[in-house]
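Please open the model in your viewer, with side chains available for display, and follow the stops below in order.

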Amino acid sequence: MRSSIRGAGAAAVATALAAVVAGSWFGYQQLAGPSCSGEIQLTVAATPELAPAVGDAAAQWVKDGAAVGGTCIAVTVASSESVDVAAAVASKHGATLAGVGQASGTVITPDVWIPDSSTWLLRLKNNGATAFAPGNGASIARSPIVVAMPEPVAASRLGWPDEKLSWTDLLRAVSSDKPLRAGIVEPTRDAAGLSGLLSLTAAASASGGDAQQATTGALRALATGRSALRQDLLARFPRSNDPASIASALSAAALSEEDVMAYNNTKPPIPLAALYLEPSPMPLDYPYAVLPGIEPSKASAARVLYELLTTQGFKDRLAAQSLRAPDGNWGAGFKAPQGAPSPAGGQSTVPPAGVGAAGGLDPVAIDRAVSGWSIATQSGRMLCVIDVSGSMKTEVPSANNASRAQVTVAAASRGLNLFDDSWSIGLWTFSTNLVGSRDWREVVPINPLSSNRSKLEQGLGVVRPSDGNTGLYDTMLEAYKTVQRDWEPGRVNSVVLFTDGKNEDDSGISQAKLLGELKALADPERPVQVVIIGIGNEVSKAELQSITNVTGGGTFVTEDPTKIGDIFLKAIALRPNAPR
C-alpha cells in the first residue's frame, strides 16, 4: 500500500487524530453541540495518500459544528486502496473488471468514494455496472503522472534535466540494445500504471512500421518488470550509490508526482528524478464520487463536505501530502520536483469545471489497454471455436460488406498476435453435420504457439461458412470436455466460442441435457472458463448465459459485428470466475 512510504506525513496525521492505522477505519465522532440534534453517519473511503488530508478536514468540520438541516453530522474516513473499493463496488453492481479479482470481505462500500482516478469509475460503468451512476465525480486533487528514474540514470541516458523528453524517447530507451530496466505496477490494479501504459502504447502504435508488433513488444518489456504492489516496485530502485547497484536496479517506472516526492522525502541514497514526458499522460484526478442509493440526508451531508474540500484551506492540506489542487496549482509548502510544470501550464491544464481529468477519455481505449496487457502478461490454454453456419455468410455493411465469418476471423487473427509462445491454442469450427453427423471439425489441435502459430494462421485463412445450421449444444459440450481432459495447472484453461445464432440441431442434445452434463463435469480443482461471444441480433443472450452460469466465464453479445475485436480482447482478459 502507498501509505508504507509516507513516513513523516503519516506520523503527523497520527498525532493529530490520535490513531491512524493504514487501511483501517478511523472516525470523527465529536458532536456539534446543543444547536443540532440527531446524527447523520457519513462514511468516506479515500485513497491512502489523500485520506490524511480528507480526514483532517472532516475532523475540523465536525469539531466546528458540522450539521445539515439541524441534524449533526459524524464523518468516518477510511484509508482504502482504490482497487479494493473498486472490487467491492463491482461485486455489488454485477461488474467484472479484468485483473481486479474478488472483493475482500473486509472492505465496506462507503457513501462517498474518492479513488485516485476517474478511470475506476469509467471501468466500472463500461464493464457491467450499468446502474452505477455516482453523483458529482468532480476532482478534488491532482497529481501528474511522471516517469520516475534514479537521477544518475535519468541524466546519463536521457539528458535530464536539460532535455525536453517524450514517450517516444522512453520507448526507444526501453527497446534499445541496452534497454532501460523498466517497471510498472500492475495496470489492471493501479491507476498510475494504467496511465503510463496508455501513454507508452500510444507512442508504440504511432511509431511507424508494424504498430501492433511495437505495442506488443512494449507490453512484454514492461511485463518483465511488473510488480503487484507499489511499495514492491519502489523497493527495486537502487538502495546504494554503488555503480553496480544502480546498474542492476530498476531504471524507470510510471508513478505519480506524489509518489516520487514521498519517496524522496525518505532521503534514499539515490533520489528519483520525475520526468514530465510529452504528450502529458492522464493524471491522477481524485474524483469525489457519491455512490448511488444513499439516503437523501447523507447525500446532503456529502454535498457540504465536497464544498469543504474545495477551499483554500484544503489546498494547503493537499500540499502537505505532496498533492496539487484540481487546477494544477498548489498550496503553501508544496515543493515541486525539478522540472515540474508550473501551475500555469504544461500538465496543469484541466478540463472544464465539474469534469474529471479522465472525463473526455474513451472508456473503450482503457478497456483495450487493460485487455491487451492481461493477454500479453498471462499464460493460457485456449480452444477457439468459430460458428460456420450459413448465417455467418451475412454481410456486415459497417465492415465494407465483409461477411460475419470474415469479420470474426479478422478479429481472431489480430488477437492471435497478442499471445506469446507460452500460450497453447487450438481451432475448431462448427455448424450442423459438418463431419458426417458430427457438428464440429478440429482445424488445429491445441498445442503451444511456439509450434502452432503458423498452423493457426493457415487454419483461420481457410475458415468458410457452410450451408448448415447452428449446432451449438453438441459442440459446446465436446469443446468443454476436450479442454478439461488435458487441463494444465497454473494457466487459464478456456473455451472461446463465437456464434451468430441459437442452437438449431434438432437431432442433438437438449439444453437441459447440456446444462446437466456441464454441471456434472464442472470441477473447481480443474476449472474451464467458457467465454461466448454472440454476434448479430439473432442470438439469445439468455441461452448463452445459461451455459456460462454453469461453467463460469462470461457471455458477450453485440449486434454490431465490427465490435467483436474489442469484445474478444476483453473476454480473453477475464480470469476464471467460479460457477454460480
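The tour goes from a loop residue to two aromatic pairs.

This is a predicted model, in which local features need pLDDT of at least 70 and side-chain atom pairs count only at pLDDT 80 or more, while totals for chains, interfaces and linings use all residues. Residues are numbered from 1 along each chain as its sequence is written, and side-chain values use heavy atoms, with hydrogens and water left out.

Select K164 to begin, in the loop that runs between α5 (151-158) and α6 (167-174); helices (H or I, at least four residues) and strands (E, at least two) are DSSP runs numbered from the N terminus. K164 is exposed, at a relative accessible area of 70%, where exposed means over 50%, buried under 20% and partly exposed in between (1.4 Å probe, protein chains only). Add D169 and E278, with which K164 is in contact once neighbours within four places in sequence are set aside, contact meaning heavy atoms within 4.5 Å. Then show L275, whose C-alpha atom is 9.1 Å from that of K164, although 111 residues separate the two along the chain.

Turn next to the aromatic pairs, of which the structure holds five; rings of Phe, Tyr and Trp (its six-membered ring) pair if their centres lie within 6.5 Å, and planes under 30 degrees apart count as stacked, over 60 as edge-to-face and the rest as tilted. Select Y288 and Y306, a tilted pair with 5.3 Å centre to centre and 50° between the planes. Y288 lies in strand β12 (residues 287-290) and Y306 in helix α12 (residues 296-308), so the pair ties together parts 18 residues apart in sequence. Y288 is buried at 1% relative accessible area, and Y306 also counts as buried, at 17%.

Finish at W428 and W440, a stacked pair with 6.1 Å centre to centre and 15° between the planes. W428 belongs to strand β16 (residues 424-435) and W440 to strand β17 (residues 438-448), 12 residues apart, and both W428 and W440 are buried.
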